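Biologist: Could you take me through this structure one feature at a time, giving the general idea before the particular case?

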Amino acid sequence: MERKVPIDWDDLEMGLILTKEPHKCYLDLRTGTVEVVANPEFVDNIAPSEEEIDKELAEGYFVYIQPLPSSVEYDWMIDFAGTVADRSLRDKLAVALDGRGAFRRFKNVLAD
């Protein structure tokens, strides 16, 4: 039986771009919320345990959110930079996107 689930789109976006270990994200199909789970070896965690996650996955309530590759986020930055009307800022963003460290430089240009 199909039913609609309200999705917290901001949380889902976070789940798609959160690529740093030890985090994993799961979409709860009952509530539309995103559960962020960190490996308890690295972080104090109040999220569901591994056993609870395995049970929810097996019962079809949780779906693992596969993080997007950084190339997708990089393409978003390129697309965004191309829409910037201010030529000086657009040029600074283009320079920031060239080579290693592009994510940090891009963020710094926007912050400035």
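Biologist: Is arginine 87 buried or exposed?

Modeller: The general idea is a cut-off on relative accessible area, where buried means under 20%, exposed means over 50% and partly exposed lies in between, with a 1.4 Å probe and protein chains only. Arginine 87 is exposed because its relative accessible area is 58%. Please keep in mind that this is a predicted model, in which local features need pLDDT of at least 70 and side-chain atom pairs count only at pLDDT 80 or more, while totals for chains, interfaces and linings use all residues. Residues are numbered from 1 along each chain as its sequence is written, and side-chain values use heavy atoms, with hydrogens and water left out.

Biologist: Which side chain meets arginine 87 in a salt bridge?

Modeller: A salt bridge is a side-chain nitrogen of Lys or Arg within 4 Å of a carboxyl oxygen of Asp or Glu. Here the partner of arginine 87 is aspartate 91, with 4.0 Å from N to O, and aspartate 91 counts as partly exposed because its relative accessibility is 37%. The two are four residues apart in helix α4 (residues 87-96), so about one helical turn separates them.

Biologist: How many salt bridges does the structure hold, and which residues do shared partners join into one network?

Modeller: The structure holds four salt bridges. Arginine 87 is exposed at 58%, whereas the network, joined by salt bridges that share partners, consists of Asp28, Arg30 and Glu56. Within this network, aspartate 28 meets arginine 30 at 3.1 Å, N to O, and arginine 30 meets glutamate 56 at 2.9 Å, N to O. Arginine 30 lies in the loop between β1 and β2 while glutamate 56 lies in helix α2, so this second pair ties together parts that are 26 residues apart in sequence. As for accessibility, aspartate 28 is buried at 7%, glutamate 56 is buried at 15%, and arginine 30 is partly exposed at 33%.

Biologist: How many helices and strands are there in the chain?

Modeller: Helices (H or I, at least four residues) and strands (E, at least two) are DSSP runs, numbered from the N terminus. This chain has five helices and three strands, and from the N terminus on its elements run α-β-β-α-β-α-α-α. Buried residues make up 24% of the 112 residues.

Biologist: In which sense do strands β1 and β2 pair?

Modeller: Two strands pair if DSSP finds at least two bridges between them. Strand β1 (residues 23-28) and strand β2 (residues 34-38) pair in the antiparallel sense over five bridges; in this register histidine 23 stands opposite alanine 38, and lysine 24 stands opposite valine 37. As a general rule, in a regular strand the side chains alternate between the two faces of the sheet. The hairpin of β1 and β2 has five residues between the strands, and glycine 32 takes a positive phi near 80° there. Strand β1 is also joined to strand β3 (residues 62-64) by three bridges, again running antiparallel, and aspartate 28 stands opposite phenylalanine 62 in that pairing.

Biologist: Which residues form the negative surface patch?

Modeller: A patch is made of residues with over 30% relative accessible area and no salt bridge, with like charges joined within 9 Å. The negative patch here is formed by Glu50, Glu51, Glu52 and Asp54, and aspartate 54 has its place in helix α2 (residues 50-58).

Biologist: Which C-alpha atoms are separated by 9.8 Å?

Modeller: The general idea is to set separation in space beside separation along the chain. The C-alpha atoms in question belong to arginine 3 and leucine 29, which are 26 residues apart along the chain; arginine 3, found in the segment before α1 (9-17), counts as exposed because its relative accessibility is 52%. Glutamate 13 in helix α1 gives another case, since its C-alpha atom is separated by 9.4 Å from that of proline 67, 54 residues apart along the chain. Glutamate 13 itself is partly exposed, with a relative accessible area of 42%.

How values were computed: Patch = residues over 30% accessible without salt bridge, like charges linked within 9 Å, V, L, I, M, F, W, Y side chains within 5 Å. Areas by Shrake-Rupley, 256 points an atom, 1.4 Å probe, with all protein chains shown as cover. Lys, Arg positive; Asp, Glu negative; His and termini not counted. Charge placed at Lys NZ, Arg CZ, Asp CG, Glu CD.
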